[in-house]
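Let's walk through this model together, starting from a small backbone detail and working outwards to the overall shape. Keep the 3D view open as you read.

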Amino acid sequence: MSGWRNNNMSTEIVSQVINLSKRVYNLSQRFKDVEFQHELLDLHEEITTFRLEISRLVDENESLKLELKHKTEQKPTTIDGCYVFDDEPDRLYCPTCWDVKALKVLTFKLHGPYRKCNNCPSDSIIK
Ligand SMILES: [Zn+2]
């Protein structure tokens with residue numbers, strides 16, 4: 001699957017950047033020129049920042065893949081404006097939380113046909 005390839009590629013990039021930063025740091029130890037050393041250390045810091053950003057993106061990608069998998073596996077039906085899942089026919093979930101964050105948040109009954117989700121803003125009512 002392409003997801004695996006992307007993950008392996010990201011891991012490969014991270015390890016390449018780590019090796020590169022180690023090489024730059026080791027190289028900087030060999031020079032007496034203070035200005036040159038400072039420039040190399042700046043470069044080392046930039047590479048470290050770059051490495052952290054890649055790690056963050058890899059984590060985010062994993063999280064999004066999980067979210068997508070979660071969403072495509074479960075297809076809710078709508079009852080009284082709420083989502084109902086096949087395995088829990090008596091529970092009414094918030095459609096906004098599911099659609100936006102793939103979160104299953106139960107709703108509770110207000111007056112009449114209206115319902116409310118604890119996770120959504122206080123002025124959002126489900127009907
Ligand atoms: Zn909600």
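In this predicted model, begin at D80, which sits in the loop that links β1 (77-79) to β2 (82-85). The backbone here deserves a look: D80 is not a glycine, yet its phi is positive, at about 50 degrees. How exposed is D80? It has 13 C-beta neighbours inside 10 Å, and because a residue counts as exposed at 12 or fewer and as buried at 20 or more, D80 falls in the partly exposed class.

You can find a second case at A102, again a residue other than glycine with a positive phi, this one near 55 degrees. A102 belongs to the loop between α3 (95-101) and β4 (107-109). With 15 other C-beta atoms within 10 Å, A102 is partly exposed.

Now turn to the nonpolar core. The largest one has 7 residues, namely C82, Y83, L92, Y93, C94, C117 and I126. Two strands, β2 and β3 (88-93), each supply at least two residues of this core. C117 is a good place to click, since you can trace its contacts from there: beyond its neighbours within four places in sequence, C117 touches C94, T96, C97, V105, T107 and I126. Two of these partners, C94 and I126, are listed as core members too.

Helix α2 offers another view. Spanning residues 34-73, α2 contains 40 residues and reaches 58 Å from its first C-alpha to its last, close to the 58 Å expected at 1.5 Å a residue. Where does α2 lie, in the open or in the interior? The number of buried residues among its 40 is 0, so α2 lies largely in the open. As you look along a helix, remember that an α-helix has 3.6 residues a turn, so residues three or four places apart point the same way.

Finally, zoom out to the whole chain. Its secondary structure amounts to 3 helices and 6 strands, and from the N terminus the order of elements is α-α-β-β-β-α-β-β-β. The radius of gyration is 25 Å, well over the 14 Å given by the globule rule for 127 residues, so the chain is more spread out than a compact globule. Along the principal axes, the C-alpha atoms fill a box of roughly 80 × 35 × 15 Å. Of the 127 residues, 6% count as buried. As for contacts with a separation of 6 or more, 32% of them join residues 24 or more positions apart.

Conventions:
Residues numbered from 1 in each chain as written. Predicted model: local features only at pLDDT ≥ 70, side-chain atom pairs only at ≥ 80, totals over all residues. Helix = DSSP H or I, 4+ residues; strand = E, 2+ residues; numbered from the N terminus. Expected span 1.5 Å × (residues − 1). Core = buried A, V, L, I, M, F, W, Y, C linked by C-beta atoms within 7 Å. Contact = placed C-beta atoms within 7 Å. Rg over C-alpha atoms; globule rule 2.2 N^0.38 Å.
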